[in-house]
Amino acid sequence: MKSFTYVITDPVGIHARPAGELVNAAQACGADVTIRVGDKSASAKKLIKLMGLGIKQGTEVTVEISGENEETAAAEMEKFFKEHL
Amino acid sequence: MEVFQGKSIFKGVAIGPLLYYGKKETTVRREKIEDTDAEVARYKDAREKSVAQLRQLHDDSVKKVGEENAAIFDVHAMLMEDEDFCEAIENAIRTQNVNAEYAVAVAGENFFKMFAEMEDEYFKARSADMKDISERLIRVLTGEDEKRSFDEPSIIIADDLMPSETVQLDKEKVLAFVTRWGSSNSHTAILARTMNIPALIDIPIREDWNGKLAAVDGHTGTFYLEPDEETLREMEEKRGRDLETRRLLQELKGKKNVSLDGKEINLYANIGGLKDVAAVLSNDGGGVGLFRSEFLYIGRESLPTEEEQFQAYKAVVETMAGKRVIIRTLDIGADKKADYLELEKEDNPALGYRAIRICLTRPDIFKTQLRAIFRASAFGKVAIMYPMITSVEELDKIHTIVAEVKKELTADKIPFKDDVEEGVMIETPAAALISDDLAHKVDFFSIGTNDLTQYTLAMDRQNSRLDVFYNPHHKAILRLIRMTIENGHKGGAWVGICGELGADTTLTETFLRMGVDELSVSPSMILPVRAAIRKSHAYPEKE
């Protein structure tokens with residue numbers, strides 16, 4: 001399993017639209033992606049759960065990537081977070 | 001005539017007949033299903049159709065409200081296909097032998113509640129999205145048509161409107177939206193703003209109002225049912241002025257604040273709180289050039305806490321979404337009411353214990369405010385401005401306190417941006433005259449022409465007997481402004497004007513020629529000033 005932490009800079013956090021983009025990115029990368037914030041976590045492929053985390057700007061999240069091609073998938077996800085969230 | 005007070009979502013005036021937009025009561029009945037496989041298949045089929053509808057709706061909306069706003073329907077399509085949502089529905093059909101409509105209604109309600117119970121207003125508002133998609137699925141399942149048409153331009157009244165309903169209404173025929181529920185963060189509210197349609201919420205609308213004449217005043221949030229003649233006349237006038245502004249808006253919205261010879265400046269707005277931000281955005285303001293923080297301190301029994309202030313600043317900063325917001329620290333004095341500060345009555349309050357003078361002698365008050373402002377800086381682009389500066393020493397004292405605040409925030413692991421711009425108001429002749437020394441120590445100047453004029457001319461603007469002597473275009477004022485701009489630029493500070501003179505369009509060209517970088521005016525003056533800038537020459541004509 002690979003993981004990285006990231007502090008959300010998007011002013012409204014992972015709300016509807018960015019969450020939708022994240023789900024698309026997670027699905028495209030092929031591996032399993034889990035977003036962890038505090039003691040809560042959600043699969044990055046599940047939009048409702050992801051929005052349910054209520055991640056706001058300034059929140060630190062841990063992103064865990066496991067499964068096939070986790071190496072490249074992790075790099076892709078990290079790039080996505082930096083560029084979009 | 002009956003008058004109701006609600007909350008304005010989008011400004012504007014509308015007069016016309018009411019059209020009640022009732023929920024088509026899709027009362028979902030629970031039915032027992034024998035062939036659950038067939039029912040699941042029926043659900044899946046409806047889901048596919050709904051998703052296709054939403055994709056279509058997205059493509060249609062892009063033209064009406066732009067990609068950014070239309071994206072919500074793509075998100076709806078994804079919500080519709082969300083694994084947990086789908087599983088909850090299929091599971092209910094299979095294990096409880098219920099019909100698809102019922103399963104969707106229950107699952108939709110559960111997810112609705114999940115969002116409705118969240119703390120953050122933004123996420124709370126997402127509950128409406130869950131409701132919207134469940135209702136769409138149910139409509140498809142029951143084979144109902146969602147579109148409704150009407151011929152006469154009308155004011156739509158409804159308990160609540162779904163984003164998909166809002167965007168599908170014929171824009172030409174909707175005069176206004178008036179609803180009982182809804183929040184200013186809802187997508188419907190955002191869409192109403194984008195579509196330029198006056199909208200009110202919190203009005204206790206009734207179905208039997210259908211067809212009656214009404215007037216909507218989106219400036220004040222007032223709703224007049226069967227308005228009397230005088231009100232009608234008043235509203236007609238107001239609407240005329242609105243149309244004129246809107247015409248200007250259409251013409252100038254999105255245009256640069258650039259002079260004929262190519263000098264571009266920032267055009268910002270003066271605000272007193274979050275309530276003014278909508279006006280800033282709808283008038284196409286590029287930022288907030290003066291956020292008066294006094295409103296937080298006035299009309300109450302005790303000092304506002306750090307948290308209260310933080311929330312107030314953050315709300316404005318977030319809504320301005322990355323555009324610069326210049327917060328002026330407390331500018332209060334013996335003439336403004338704040339009894340809990342126990343300020344002594346002064347014979348000459350304008351020259352008295354006020355603004356930064358209070359802050360520097362009461363560092364507890366100052367620090368609380370600075371902490372709140374720096375905390376809000378994590379949420380957008382914040383700048384801080386200090387009022388009533390007369391000396392370099394004052395500025396040095398401020399910087400010492402700011403450094404302490406930053407150190408404490410870092411120690412407390414509270415996020416803030418380290419590159420928050422700091423500037424001073426140039427509103428005393430003293431500050432203007434030493435602006436060369438001040439410029440090296442700040443990122444920007446903002447010239448407060450109201451006080452600068454009264455201190456320079458030694459004239460109280462409130463005193464009507466001085467009207468004959470009072471000349472706001474006095475050479476002395478203009479010289480001080482020119483001097484401040486030149487000194488600012490030499491010292492590496494950008495210079496703005498936030499007083500009333502900034503909105504004086506007869507001086508716009510003069511200020512541009514002096515090299516001003518920013519003008520901050522009341523929201524309603526943004527477009528007139530933009531028009532003036534676009535007609536001006538900033539540079540002398542070449543020989």
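Which pattern does chain A follow, read along the sequence? In this predicted model, the order of elements in chain A is β-α-β-β-α-β-α. Chain A thus holds 3 helices and 4 strands. Its 85 residues include a buried fraction of 42%. Contacts between residues at least 6 apart in sequence were also examined for chain A: 69% of them join residues at least 24 apart.

Chain B has 543 residues, and 45% of these count as buried. Its secondary structure comprises 20 helices and 16 strands. Among contacts in chain B between residues at least 6 apart in sequence, the share joining residues at least 24 apart is 69%.

The two chains touch. Chain A contributes 17 residues to the contact, and chain B contributes 25 residues. On the side of chain A that touches chain B, two or more residues come from each of α1 (16–29) and α2 of chain A. The largest share, 5 residues, belongs to α2(A). By residue class, this side of chain A divides into 7 nonpolar, 6 polar and 4 charged residues.

One helix of chain B was examined in detail. Helix α3 of chain B covers residues 83–96, a run of 14 residues. At 1.5 Å a residue, this helix should span 20 Å. The computed distance between its end C-alpha atoms is 19 Å, which agrees with that expectation. Four residues of α3(B) are buried: B:Phe85, B:Ile89, B:Ala92 and B:Ile93. Viewed down the helix axis, the buried residues of α3(B) fall within an arc of 95°, so they line one face of the helix. The spacing has a general basis: an α-helix has 3.6 residues a turn, so residues three or four places apart point the same way. On the other side of α3(B), B:Glu87 and B:Thr95 are exposed.

What do the buried residues of α3(B) pack against? Within chain B, their partners are α1 (36–65), α2 (67–80) and α4 (100–116). They also pack against a helix of chain A, α2 (47–52). That helix, α2(A), is the element that gives the largest share of the side of chain A that touches chain B. The buried residues of α3(B) therefore pack against elements of both chains. After α3(B) comes B:Asn97. The phi of B:Asn97 is positive, near 50°.

Definitions and conventions
Residues are numbered from 1 along each chain as its sequence is written. Chains are lettered from A and ligands numbered from 1 in the order in which they are written. This is a predicted model: local features need pLDDT of at least 70, side-chain atom pairs count only at pLDDT 80 or more; totals for chains, interfaces and linings use all residues. The expected span of a helix is 1.5 Å times one less than its number of residues. A residue is buried if 20 or more other C-beta atoms lie within 10 Å of its own, exposed if 12 or fewer, and partly exposed in between; C-beta atoms are placed from the backbone. The arc is that of the directions from the helix axis to the C-beta atoms. Two residues are in contact if their C-beta atoms, placed from the backbone, lie within 7 Å. Ala, Val, Leu, Ile, Met, Phe, Trp, Tyr, Cys and Pro count as nonpolar, Asp, Glu, Lys and Arg as charged, and the others, Gly among them, as polar.
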